[in-house]
Amino acid sequence: MKHSGGAVPTVPSERIALLDGLRGFALLGILFVNMTWFTGFAVMSSEQRIALGTSGVDAAVYWLIHCLIDGKFWSLFALLFGAGAAVQMARAEARGARFRPFYLRRLTVLLVVGLAHAVLVWFGDIVGIYAVVGFAMLFFVRCSDRAVLAWAAVCMAAPIVQGGIWLVAYQSAGATVGPAIDPGHGPAELLGSFGGGGYWEAFAANWAFLKERWFLAVYEGRFFKLLGMFLIGLWAVRRGIFTEIEQNRRF
């Protein structure tokens, strides 16, 4: 049933195969991006990359990953996160349960799991960030379709405005190379802790990289981008795009 206003659409009680298939596809793409981090390539200096002896091929592959995968697949995954929230909201209210307390609990657990994963296993965790943005999404779940799309557009435009602010700061600082504020990707000198250090060294390295990662997310406006994609996913489920496939195939 297509949705208009703040009501919740009807969705199937069973799992939606299209959403599950798209999640798997998105995770496959994210794996390619993460491989640049697993190998340490993402934080290597130009000199270190040249020393590998495959800099030409590496540069080409890295460019292809950046253009065709990076930013594309995590955006799809974020859209599906918002879609999943809409589906859970519909099912909760169909059985007479209150959605907000239920989802707050899920987001809290997700945040704890994400932070534990980030400091105990790998700093590249994304579900912690998703949980934080998910809390913000709850402010919009009762908005009309038109309002949801409008707020999504605002969120997607916000990083462009933010980038303009950094550019003005860059020019005001009189910098000639690089941005005025550059958080970087993390302390590359700590990478050896993951392969040759003890547990506590790896823990400290994860914590150091995690702080840089969250700062970078703020610097790039990633929280706005994620919220925008969450809201688009919320809107898509309301419109039946994932549940009424035949009616929306042309779309």
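Which element gives the largest share of the lining of the largest pocket? In this predicted model, that share comes from H9, which supplies six residues. The pocket itself holds about 900 Å³ of space, and its lining is made up of 34 residues, of which Val33, Trp37, Asp70, Glu220 and Arg222 lie nearest the centre. Two or more lining residues are given by each of H1, helix H3 (55–68), H4, helix H6 (127–137), helix H9 (199–220) and helix H10 (222–238).

The chain in which this pocket is found has 10 helices and zero strands, so that, read from the N terminus on, the order of elements is α-α-α-α-α-α-α-α-α-α. Taken along the principal axes, the box filled by the C-alpha atoms is roughly 60 × 45 × 35 Å, and 38% of the 251 residues of the protein chain count as buried.

Helix H4, which spans residues 73–94 and has 22 residues, reaches 31 Å from its first C-alpha to its last, a value close to the 32 Å expected at 1.5 Å a residue. Because 17 of the 22 residues of H4 are buried, this helix is largely enclosed by the rest of the structure. One residue found in helix H4 is Ala90, which counts as buried because its relative accessibility is 7%, a value under the 20% that serves as the cut-off for burial. Ala90 and Arg238 are separated by 148 residues in sequence, yet their C-alpha atoms are 9.3 Å apart in space. Helix H4 is followed by Gly96, a residue with a positive phi near 80 degrees.

Attention may next be turned to the surface. A nonpolar surface patch of about 480 Å² is made by Leu28, Leu31, Phe32, Met35 and Phe38. Of the patch residues, Met35 has its place in helix H1, which covers residues 17–38. An α-helix has 3.6 residues a turn, so residues three or four places apart point the same way. Met35 counts as partly exposed because its relative accessibility is 39%, and this value lies between the 20% limit for buried residues and the 50% limit for exposed ones. Helix H1, in which Met35 is placed, is also among the elements that give two or more residues to the lining of the largest pocket.

Key
Residues numbered from 1 in each chain as written. Predicted model: local features only at pLDDT ≥ 70, side-chain atom pairs only at ≥ 80, totals over all residues. Heavy atoms only, no water. Patch = residues over 30% accessible without salt bridge, like charges linked within 9 Å, V, L, I, M, F, W, Y side chains within 5 Å. Areas by Shrake-Rupley, 256 points an atom, 1.4 Å probe, with all protein chains shown as cover. Salt bridge = Lys/Arg side-chain N within 4 Å of Asp/Glu carboxyl O. Helix = DSSP H or I, 4+ residues; strand = E, 2+ residues; numbered from the N terminus. Buried < 20%, exposed > 50% of the residue type's maximum accessible area, 1.4 Å probe, protein only. Expected span 1.5 Å × (residues − 1). 1 Å grid on protein atoms, 1.4 Å probe; cavity = no way out; pocket = protein on both sides within 12 Å on 5 of 7 lines; lining within 4 Å. Points joined across faces, edges and corners; volume = space filled by probe spheres on them.
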